[in-house]
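Colleague: I've never read the empty spaces in a protein before. Can you walk me through one?

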Amino acid sequence: MLEIERKYLVTSLDFIKEAHSQNEIAQGYLNSNPERAVRIRIKGDKGYITIKGISNASGATRFEWEKEIPVDEARQLMQLCENGGIEKTRYEVRSGLHSIEVDVFHGNNQGLIMAEIELKNENDTIIKPHWLGTEVTGDPRYYNSYLNANPYKSW
């Protein structure tokens with residue numbers, strides 16, 4: 001149950017024409033402690049609860065446990081979440097052997113566009129599309145739990 005991913009800022013909207021799917025996501029945090037964040041997410045008509053542990057030294061690997069829950073229960077749990085909340089549109093793009101998830105943030109995080117690439121191990125070779133910019137893996141400011149309490153608009 002380890003999540004291994006690298007994060008990048010996105011420099012243009014060129015990824016949209018390459019996307020094979022698009023979903024609206026709303027999420028909140030029951031607990032945003034970096035050592036054990038507990039997230040509730042609604043993605044389309046599905047609900048999820050996720051627990052994430054603290055990242056390793058590189059910031060690319062951490063424990064992640066996720067379970068689908070009924071969307072009605074996810075909506076109810078969202079009422080218990082910390083102040084804030086994350087709203088974003090997620091686009092999925094294929095690049096070589098990897099899938100890139102590009103999040104276009106809305107609301108208080110409007111203006112932030114970030115991509116995540118899940119890997120099998122930290123040394124996987126990535127084919128980087130031209131629209132991937134600065135790598136922000138391991139920078140806690142770009143964790144969604146941080147953005148929940150410290151929105152991008154206030155930076």
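Modeller: Sure, start with residue classes: Ala, Val, Leu, Ile, Met, Phe, Trp, Tyr, Cys and Pro count as nonpolar, Asp, Glu, Lys and Arg as charged, and the others, Gly among them, as polar. This is a predicted model, so local features need pLDDT of at least 70 and side-chain atom pairs pLDDT 80 or more, while totals for chains, interfaces and linings use all residues. Residues are numbered from 1 along each chain as its sequence is written, and side-chain values use heavy atoms, without hydrogens or water.

Colleague: How many cavities of 30 Å³ or more does the structure hold?

Modeller: Rolling a probe the size of a water molecule over the atoms shows where empty space is left. On a 1 Å grid over the protein atoms alone, a cavity is a set of points where a 1.4 Å probe fits but cannot get out; a pocket is an open set with protein on both sides within 12 Å along at least five of seven lines; lining residues have an atom within 4 Å of a point. Here there is one such cavity, with about 60 Å³ of space in the largest. Its lining has two nonpolar, five polar and four charged residues, among them E3, S55, G59 and Y143. Strand 1 gives the most, three residues (strands are DSSP E runs of at least two residues, helices H or I runs of at least four, numbered from the N terminus).

Colleague: And which residues lie nearest the centre of the largest pocket?

Modeller: Those are E3, R39, R41, K52 and E64, out of 22 lining residues. The pocket's volume is about 340 Å³. Charge dominates by count: 16 lining residues are charged, four nonpolar and two polar. Strand 3 (36-43) supplies the largest share, four residues, and helix 2 (144-149) is among the elements that give at least two.

Colleague: Is K52 buried or exposed?

Modeller: Buried means under 20% relative accessible area, exposed over 50%, partly exposed in between (1.4 Å probe, protein chains only). K52 sits in strand 4 and counts as buried because its relative accessibility is 11%.

Colleague: What does the side chain of K52 make a polar contact with?

Modeller: A polar contact is a pair of N or O atoms within 3.5 Å; within protein, one must be able to donate a hydrogen and the other to accept it, and residues adjacent in sequence count only if both atoms are side-chain atoms. For K52, the partner is the side chain of E3, at 3.3 Å. Contact in general means heavy atoms within 4.5 Å. Beyond four places in sequence, K52 is in contact with E3, E35, R36, A37, R39, R62, F63 and E64.

Terms used
Grid points are joined across faces, edges and corners, and a volume is the space filled by probe spheres set on the points.
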